[in-house]
Every structure is written in C-alpha cells, then in structure tokens.
Amino acid sequence: MKVALIGLGMVSRTFGDAIRNSDAVDLAYVYARSAESRARFLSDWPDLGAAAAGSVAEIAASDVDFVLLTTPPNARRDIVQELVSAGKPILMEKPVERTLAVATELVELCEAAEVPLGIMLQHRARPVVGDLRKLLPELGALRMAEINVPWWRGQAYYDEPGRGSYARDGGGVMISQAIHTLDLMLSLAGPVAEVSAMSATTGFHQMEAEDFVCAGLRFENGAVGQVFATTASFPGRGETITLHFAKGSVHLEAGLLQVSWQDGREETIGQAASSGAGADPMAFTSDWHRFVIEDFVEALQTGRAPLVPGREALEVHRLIDALEASAKAKRTIILE
C-alpha cells in the first residue's frame, strides 16, 4: 500500500527504518511544517523514494492508502479532521492526544466517519507477548502485578521546547514513556478499577510535568498491583511487567519472558532486546513498528480491527488520567 508520513521528528527515523524493511508499504509522501525538516528527511532516506508534500491537504487529496501520523499530540486535531474528511485511514503514534477528553473526541471523529484508526503502541507487537498470551489460560487467575519503568533521560532531552509540558505532550513520564508498558499491562491483566498514586518532578530535571510516579492498583478482576515509572533512574534499565497468577508467575522484560510455575517448572522464552530505557531514547529495534504497520495493512485489506484500535487505546489514557488525578488530589480514584 502507498502511505504518507506526517510529522518528521525524532520517531520518524524509526518509521523510516520500518518502512525500508517492509514489503507491505511504499512511502509516497512526507510532510512537516518545516521545509527544512522535509528536505532533511528525504536526504537521510533517499532509498525510500518519497516526495515532499506541500501541505496536509495535498496528502488528503492524493491516492495514498493510509497516513502515518507522528506529530506531537497537540498538533493533531486539525490534521485528523482533514484526513477524516478525505476518508484516509490513520495509523497514529502514541498518545492519541494530550488528555482523555480530547483523545476521545478524535477517536469518535474517526468512528463517526467510519475511518479506520490504529495507534502505535508497539510493545504489544513483541513476539514474546504472543507467547505469553497463549500461556494465560494455563496460569489461572491473576493475583498481583508489578510494573516497573526505571528509565533515564538527561536534561538535554527536556530542553527541547515543549517536551515534558502539558501544552504540547500532555504530561511527563506517564504519557510519553510509561504509556507503552501501561497499555501492555492492561492488555494482559485487564482493566484497573481504582488507583492511589503519588507523582513528582525530581531534582534531576527542569520540566513542567512529572518524571516520577508510583501507585497502587486494584484491578476489576480483584488482583492488586503497583506501578513505578520514572525518567530519573540513571543510567536507565529495561521496563518490566511481572504478573503473579494462581498457577505461576511471569516476568517480561523487553523481549525476554521468564515463566515460573508453582509446580517447580521454569521456562525462558525469547531474547533480550533494548527498548530505549537509557540516554538514547531511540535505541530500540524498528521491528515492532514494522509489525504494527504491516498489521494495519492487513486490517485494511480484510476489514478487521487493527492491533490497537483508537477506541482500545483510550483505556490507557483513562488510566493515566486517573493516576494524575489521584496524585494531585492525594486520594484514591475510582475509574469510571
């Protein structure tokens, strides 16, 4: 399928590499508000054969099959409206928007026009996650969950205008980094019913939003859990999800899954992989992005839902909103 890429910031390099390694898509157009950014991307990726579009309207009027949208979340509403009016399916970089309310508006806009919307929450695309999903029926009822995102970002990362702000990003570590792990947790453990959170901005960073959060969770299925997420844990370690079930426990770290059964069996599945936990936020494979892009192609071809539909991505926004509200009010929040 022919695709266009709108937004040529840091993550566009990962999208470019994913497209280069895929037989499912050809990049027809790229667009960013800055002509310099367009020229730089085309110079860096000459083998992709793309052309620079002069506007979103030009892409909306073109013959591309869908659009990859990677702008900062505060720049999306008008773009989505224009693409939806033209009937162009959208695969969007996380998060959907800065707040649950505005994210919901964008999802409902696409739904009302019956325009497919997928969200790039690529941690679900790790091959080892599929292996874990197959084990879930054998593991029994979930009892407890441990979620840890001990990442590091230097101050230079937050010196970019708007980064770590509510106006551009919608917040800090939760919506920009931990969102991936929180989304994967929800897809494995089920919905969260209530949260009790604390957040802060540590002395490591000058930024508006939080770079630290810890919280207790109670899931709808009765399990309990904890979340620890930060970008102030030097030098940064891989995020982990540990789930304790009635018949065994699983420990997921990037591409490696360790299974400890209550009967004494031990299994190790997959292999270690980097996920951008340290100073270089782009130090991770593009394979997961490629899988999500190729899944979106197949979804359009078959009429099924993509790996992470817009509506489903609202669940992690709902959780992040609750964590923020709980930390601010210093009380337990019941999710609606």
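## Briefing: a parallel sheet and the helices around it

Helix H8 (residues 173–189) bends by about 65° at Ile179. The model is predicted. An open sheet of six strands, paired in the parallel sense, has the order S3-S2-S1-S4-S5-S6. The points below start with helix H8, then turn to the sheet, strand S5, a residue of helix H3 and the cysteines.

**Helix H8**

- Of the 17 residues in H8, 16 are buried, and the helix is mostly covered.
- His180 is found in H8.
- His180 counts as buried because its relative accessibility is 6%, and buried means under 20%.
- Outside its neighbours within four places in sequence, His180 is in contact with Lys94, Met120, Leu121, Gln122 and His123.
- Gly190, just after H8, takes a positive phi of about 95°.

**The sheet**

- Strands of a sheet pair through backbone hydrogen bonds, and the pairing is either parallel or antiparallel.
- In this sheet the pairing is parallel, and the strand order is S3-S2-S1-S4-S5-S6.
- Strand S3 (51–52) and strand S6 stand at the edges; each has a single partner strand, so one side of each is left without a neighbour in the sheet.

**Strand S5 and its partners**

- Which residues of strand S5 (residues 90–93) lie on each of its two faces? Ile90 and Met92 are on one side, while Leu91 and Glu93 are on the other.
- These four residues are all buried, and both faces of S5 are covered.
- Strand S4 (residues 66–69) runs parallel to S5, and three bridges join the two strands.
- Between S4 and S5, Leu68 stands opposite Leu91, and Leu69 stands opposite Met92.
- From S4 the chain passes through helix H4 (residues 77–85) to reach S5, in a right-handed β-α-β crossover.
- Helix H4 lies across strand S1 (2–6), S4 and S5, and runs at about 165° to S5.
- Strand S6 (residues 117–120) pairs with S5 in the parallel sense, over four bridges.
- Leu91 of S5 stands opposite Gly118 in S6.
- A right-handed β-α-β unit is made by S5, helix H5 (residues 100–112) and S6.

**Val56 in helix H3**

- Val56 is found in helix H3 (residues 56–60).
- Is Val56 buried or exposed? Val56 is buried, because its relative accessible area is 10% and the cut-off for buried is under 20%.
- Leaving out neighbours within four places in sequence, the residues in contact with Val56 are Ile6, Tyr31, Ile79, Glu82 and Leu83.
- One of these contacts, Ile79, is 23 residues from Val56 in sequence, yet the C-alpha atoms of the two residues are 6.9 Å apart in space.

**Cysteines**

- A disulfide is a covalent bond between the sulfur atoms of two cysteines.
- How many disulfides does the model have? The count comes to zero, where a disulfide needs a pair of cysteine sulfur atoms within 2.5 Å.
- Cys110 has 2% relative accessibility and so counts as buried.
- Cys214 has 26% relative accessibility and so counts as partly exposed, a class that lies between under 20% for buried and over 50% for exposed.

Conventions. Residues are numbered from 1 along each chain as its sequence is written. This is a predicted model: local features need pLDDT of at least 70, side-chain atom pairs count only at pLDDT 80 or more; totals for chains, interfaces and linings use all residues. Side-chain values use heavy atoms; hydrogens and water are left out. Buried means under 20% relative accessible area, exposed over 50%, partly exposed in between (1.4 Å probe, protein chains only). Two strands pair if DSSP finds at least two bridges between them. A crossover is right-handed if, with the strands pointing away from the viewer, the path from the first strand over the helix to the second runs clockwise. Contact means heavy atoms within 4.5 Å. Axes are lines fitted to C-alpha atoms, for helices over the stretch in contact, and angles run from 0 to 180 degrees between N-to-C directions. The bend at a residue is the angle between axes fitted to the seven residues ending there and the seven starting there.
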